[in-house]
Every structure is written in structure tokens, then in C-alpha cells.
Amino acid sequence: MRTSQFLLATAKETPAEAELVSHRLMLRAGMIRKLAAGVYTLLPLGQRVVRKIANIVREEMDRIGALEVLMPMVQPAELWRESGRWESMGPELARLKDRHERDFCLGPTHEEVVTDIIRNECHSYRQLPLTLYQIQTKFRDERRPRFGVMRAREFIMKDAYSFHASQACLEATYRDMHGAYEAILKRLGLAYRAVAADSGNIGGKTSHEFHAPADSGEDEIVFSTESDYAANIELATGGVPEPDDQAEPLASIPTDTGEATSIEAVCGLLDVSAKRLVKTLIVHAADDSGAPGEELVALLLRGDQSLNETLARQLEGVGSPLRFAEAALIRERLGCAPGVLGPLRDLGIRIIADPSAAGLRNFICGANRHRHHLVNANWGRDCRFDETAHIRIVREGDRSPDGKGELTIRRGIEVGHIFQLGTKYSEAMNASVLNEQGKPTVMHMGCYGIGVTRLAAACIEQHHDDRGIIWPAAVAPFDLVIVEIDAHKSEAVARKAGALYERARQAGIETLLDDRDRKTSPGVKFAESELIGIPHRLVVSPRTLAGGGVEHTCRASGEKSTMDADAALALIAGKLTESLAGSA
């Protein structure tokens with residue numbers, strides 16, 4: 001490709017809204033242009049990168065036996081009503097009506113559509129397992145789209161769905177998909193961590209996220225310094241050392257704390273650390289459907305800890321979504337205000353304590369009396385809990401739950417998420433097959449998503465410098481850029497650059513020839529080649545011709561050397577083969 005025939009839409013300035021490196025560089029390199037909030041056009045340079053990422057994803061899906069399909073982006077509301085998500089999904093589901101006033105939505109995901117396909121096409125267990133995937137445009141009406149394609153409303157995603165006659169079969173495919181995702185990320189040259197994750201409104205009890213560690217990441221991932229333990233912070237658990245060494249129980253003292261009801265106020269009044277306090281949070285228990293009901297449950301934390309709402313709503317018997325009890329209801333049911341509430345033995349509701357609170361001795365808690373707290377309270381004698389459960393947000397330096405090392409917290413970009421859905425959708429939509437005994441059995445499902453456009457941004461976040469992008473070889477828009485200098489003064493330069501361009505293309509090297517005229521200075525050509533991140537650059541100029549060769553520059557290392565053109569092409573071809581082989 002010649003730049004004289006290519007839309008090389010580089011820019012010197014970027015909008016102030018472009019906070020992330022990837023957003024700024026994708027705009028400056030001419031990869032994307034904003035059409036509306038969270039909606040971007042992929043320009044030729046960006047499309048080349050995204051197409052290469054999509055092809056890598058496609059190859060790894062095909063390798064594990066998944067079959068490619070293409071499902072409509074516009075989906076009828078009837079399917080979403082069958083699954084129950086038409087009502088449960090929030091405003092991120094973009095709803096619309098056709099000319100006949102029938103309800104549709106723009107697909108944020110395709111569980112309903114693919115389940116409808118399979119329930120009509122598969123009738124016997126002999127047709128399973130079956131995995132279908134697509135690389136398709138999605139639309140989610142994000143409240144606050146930002147960071148370019150990292151959190152856009154419209155984006156390109158690979159989503160796959162598997163169907164099985166048993167849970168064991170689902171688990172086998174889940175492991176295959178996990179391995180395929182690892183292969184994809186390795187081929188893209190991305191550092192990554194796979195972590196246990198919350199399934200959210202997609203469903204299922206088992207899921208894993210794949211994160212590309214980056215300081216710009218929106219998510220926090222937790223992993224051990226000495227083991228393979230890793231989890232999204234929403235699911236992470238860990239141990240904390242006991243805050244004091246007072247082994248012998250002291251006499252408990254009901255203490256007038258006046259208007260002090262917050263943790264900070266009580267600590268200030270009594271001159272103690274928040275680690276010595278137990279705070280009591282009241283939430284609604286689950287009703288028969290699992291939603292918040294009329295009964296109440298107490299959750300206990302150490303005073304300096306924060307509640308992990310994801311872990312709390314997953315507790316058996318606790319309503320989901322998590323709903324905190326109103327102050328008036330607490331006064332009515334428990335006889336005191338929330339600020340002086342404590343887990344005393346006569347508190348007539350179920351009490352669940354985080355281990356950080358359960359391990360305390362001689363602690364301070366509400367006395368269930370107006371203006372009073374209990375100092376030197378102890379479990380068994382003064383207070384009680386019915387069970388323990390990890391319900392706090394972990395912190396850097398906590399003990400790993402497997403007992404090996406400490407927990408470290410890093411920011412990460414979520415680039416993929418895989419789920420074991422179980423029978424959530426197949427049961428709701430009556431998707432079953434006949435088993436070996438000829439009886440209907442509901443299919444087990446898995447779903448597996450990976451953000452194609454987001455992967456492009458993640459590559460930039462991990463591979464850039466102050467001059468621009470440094471693309472891994474597998475996804476670079478071009479392998480080589482040939483820059484001709486003063487070709488308008490020297491026919492020899494134009495001939496040499498043109499011949500070198502043709503030879504590189506014949507050798508299978510994707511090449512961009514910068515043949516722009518004298519109005520574009522050498523400095524601009526060099527700066528733009530570094531900005532767009534092409535791995536290799538060859539310069540042809542009167543000076544290099546006089547020296548009998550061309551100047552080669554490696555974008556990643558910055559190393560420069562002058563050599564014969566044949567040697568330069570052989571060097572580039574060898575490095576590309578080595579890079580691609582290492583990522584295969």
C-alpha cells in the first residue's frame with residue numbers, strides 16, 4: 001500500500017476527553033474517529049488491526065471445534081421476555097419499535113437468540129456438544145461511555161455459546177475455551193491474568209475474567225505473591241491478622257457515647273482504632289424467589305473494613321440484589337437506631353460475621369440502647385453470630401486464602417469473560433433434547449465473550465512509548481514501512497524504494513510505502529511511522545544509496561543499522577517469522 005493512495009489520518013492534537021493512552025493514540029494515529037458518544041468509525045489503519053485480531057480469535061475458536069455463525073443485531077422482545085431479561089435488564093438495553101409497533105432491542109449479547117436456534121435445530125443428545133460463535137457488532141447503552149473503544153456503546157465482540165447434555169460435558173468445553181483464550185492473548189503479545197469472577201446478570205455460578213494488567217484498567221484484580229490464586233476484587237477473599245493481643249476477656253462496660261453513631265465518631269470519642277469496633281449492617285433476607293423479602297439479616301464487619309456487596313448477595317438466604325434495611329424499619333423491628341445497633345445475644349435475627357470481626361476480643365459494638373455502646377464485648381458472653389462468611393473487600397497485604405503468600409492488587413483491563421450458565425436460559429426457554437433413555441433433558445449452556453475492539457486498545461495500553469504505539473507483530477497494521485527521502489530530487493531513490501516495496505510484498509511482508517511528495521518532511525514521515533507503530537522501517541535516501549544500502553530501524557528497540565537491501569529484507573522476514581512463531 002502506498003501512502004499516496006491510503007487514508008493516513010494522523011493528528012497532532014487530541015480532544016481533552018481522551019484520558020487513556022490508547023484513546024489518545026488511536027485518535028492521533030488515525031485509527032478511529034468519533035461519530036457520537038461511545039460510537040466510533042474504524043478508519044483503514046484501525047480496521048487492519050481489528051481484522052488481524054479477529055482472525056486470531058477465529059483461528060483459535062476453529063481450533064477447538066467451534067462453528068462460526070452470524071446472528072442478527074436486532075432482536076425481538078419476545079425472546080427476551082421468555083428469558084425474563086426484558087424486564088430485568090436496565091436502560092443499557094437499547095429498546096426500539098418497528099413500524100408495526102412491535103418491540104425489538106439492539107443486541108448487547110445473544111443468549112436468547114442462540115438458545116432459540118438450538119432448541120429448534122437440536123433434538124437429540126447425539127447432536128451435542130455443540131459450540132457456535134460469531135464476531136459481531138454489539139450495542140450497550142452505557143450511561144457514561146468513555147476511554148474510546150475501551151468502554152464504547154457500540155463495539156465488536158466475539159461471543160460463543162456451547163450446548164451440552166450434561167454438566168460434566170459443559171465443564172470439559174469450558175476448560176477448552178479457557179485454553180483458547182489463553183492462546184489468543186499470548187498470540188496478541190498481551191500479558192494477562194485469568195481470575196475467578198462474578199457472573200453478574202449473565203447468570204451461572206462459575207465464571208472467569210481475563211485481564212490485561214494496566215495502570216489504566218477499570219477493574220482491580222487480586223492475586224497471591226506465592227501461588228496461582230487470582231480473583232476479581234469482587235470475589236476475592238483473604239485473611240487478616242488479629243488487631244490486638246488481649247487474650248483474656250475483660251469486663252464489658254455499657255458506655256454513654258452521646259450522639260456518636262458513626263465509626264469515626266465513636267473512635268474519636270473513645271480514642272480507639274476502628275480495628276477494635278464491630279459494625280452491624282442490616283439487609284433484607286431472601287424470599288422464596290431469592291429476591292429481598294420481609295425478614296432481616298445482620299452482617300458484621302470489623303470497623304475498618306468495607307462490605308463486599310457481591311459476596312454478600314451471594315450468601316444463601318440473603319436477598320439479591322442486596323437491599324439495606326431502612327432506618328425506620330430497623331427501629332421498628334429491632335428497637336433501636338442503626339448507629340447503636342450491635343450483635344448482642346438477644347438480637348432476634350440471623351447474624352453472619354466476617355472472619356475479621358469473628359476473631360476480635362474485647363471489642364466495641366452498639367449496645368442496642370439509645371446513646372450507648374458496649375466496650376470490651378466478647379463473643380459468647382455478650383454477643384453472638386450464627387455463622388461466618390467472607391463478606392469484606394480485601395486489601396493489599398492480606399493473607400492469601402490458600403495460605404501461600406500475601407495478596408497483591410493491580411488494575412486490569414477486562415478483555416474476556418467466560419461463564420458456565422448451567423440451565424438458566426435453556427430452562428426458561430424450554431430448550432431440551434432427548435437423552436439416551438429417550439426422555440427430554442434440559443441442555444446445559446456456556447457462554448464466552450472476548451472484546452475484539454477492546455483488545456486493540458489493551459495492546460496499545462501495554463505496548464507504547466512517548467513517541468506512539470509499538471504494535472506486537474501479530475496485529476501491526478503493516479509489517480514494514482519504507483520511507484523515501486528526497487525522491488523528487490533523485491529518480492534513483494524513487495526507483496530503489498519502488499523496487500524494494502515490490503520485493504517486500506512478494507516476500508509476504510505487508511508493506512506501506514511512504515511516497516508522499518516534498519511537502520511532507522522527513523521528520524514528519526519518521527514521527528508518523530513511529531506514532532502508528534509499524535515494527536520495521538527502511539529508509540531510502542540519497543545518503544543511504546551513496547552508502548550502498550538502506551537504513552533499518554526496529555520500532556520496539558529503536559536500534560538502527562545500515563545494510564544491503566537484500567540483507568534488510570531477510571532480517572525483517574526472519575524477525576517476523578520468529579515473532580509470529582513465538583505467538584502461535
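How many helices and how many strands does the chain have? There are 16 helices and 30 strands. The model is a predicted one. The chain runs to 584 residues, of which 53% are buried. The points below go from the whole chain to a three-stranded sheet, then to two cis peptide bonds and one helix.

**The chain as a whole**

- Along the principal axes, the C-alpha atoms of the chain fill a box of roughly 95 × 65 × 45 Å.
- Among contacts with a separation of 6 or more, 69% are between residues 24 or more positions apart.
- The exposed area of the chain is about 26100 Å², and carbon and sulfur atoms supply 49% of that area.
- The chain carries 71 positive and 82 negative charges. The mean positions of these two sets of charges are 5 Å apart.

**An open sheet of three strands**

- Strands S13, S18 and S17 form an open sheet, in the order S13-S18-S17. The pairing in this sheet is antiparallel.
- Strand S13, residues 253-256, and strand S17, residues 363-369, are the edge strands, and each of them pairs on one side only.
- From one strand to the next, the twist averages 35°.
- S17 pairs with strand S18, residues 372-377, through 4 bridges in the antiparallel sense. Within this part of the sheet, Phe363 has Ala377 of S18 as its bridge partner.

**Two asparagines with positive phi**

- Where is Asn368 placed? Asn368 is in strand S17. Its phi is positive, near 60°, although the residue is not a glycine.
- Asn368 has 18% relative accessibility, and because buried means under 20%, Asn368 counts as buried.
- Asn376 lies in strand S18. The phi of Asn376 is near 65°, again a positive value in a residue other than glycine.
- Is Asn376 buried or exposed? At 10% relative accessibility, Asn376 counts as buried.

**Two cis peptide bonds**

- The peptide bond from Leu128 to Pro129 is cis, and its omega is near 0°.
- Pro129 sits in the loop that lies between helix H5, residues 111-121, and strand S7, residues 130-139.
- Ser320 and Pro321 are also joined by a cis peptide bond, with omega about 5°.
- The loop that holds Pro321 is found between helix H8, residues 309-313, and helix H9, residues 327-334.

**Helix H14 and its cover**

- Which residues of helix H14 are buried? In this helix, residues 522-532, the buried residues are Lys525, Glu528, Ser529, Glu530, Leu531 and Ile532.
- In an α-helix there are 3.6 residues a turn, so residues three or four places apart point the same way.
- Two helices are included in what covers the buried residues of H14: helix H1, residues 21-28, and helix H2, residues 44-63.
- The cover also includes strand S25 (468-469), strand S26 (480-484), strand S27 (511-514) and strand S28 (536-540).
- After H14 comes Gly533, and the phi of Gly533 is positive, near 80°.

How values were computed: Residues numbered from 1 in each chain as written. Predicted model: local features only at pLDDT ≥ 70, side-chain atom pairs only at ≥ 80, totals over all residues. Heavy atoms only, no water. Buried < 20%, exposed > 50% of the residue type's maximum accessible area, 1.4 Å probe, protein only. Contact = heavy atoms within 4.5 Å. Areas by Shrake-Rupley, 256 points an atom, 1.4 Å probe, with all protein chains shown as cover. Lys, Arg positive; Asp, Glu negative; His and termini not counted. Charge placed at Lys NZ, Arg CZ, Asp CG, Glu CD. Pairing = 2+ DSSP bridges. Axes fitted to C-alpha atoms, helices over the stretch in contact; angles between N-to-C directions.
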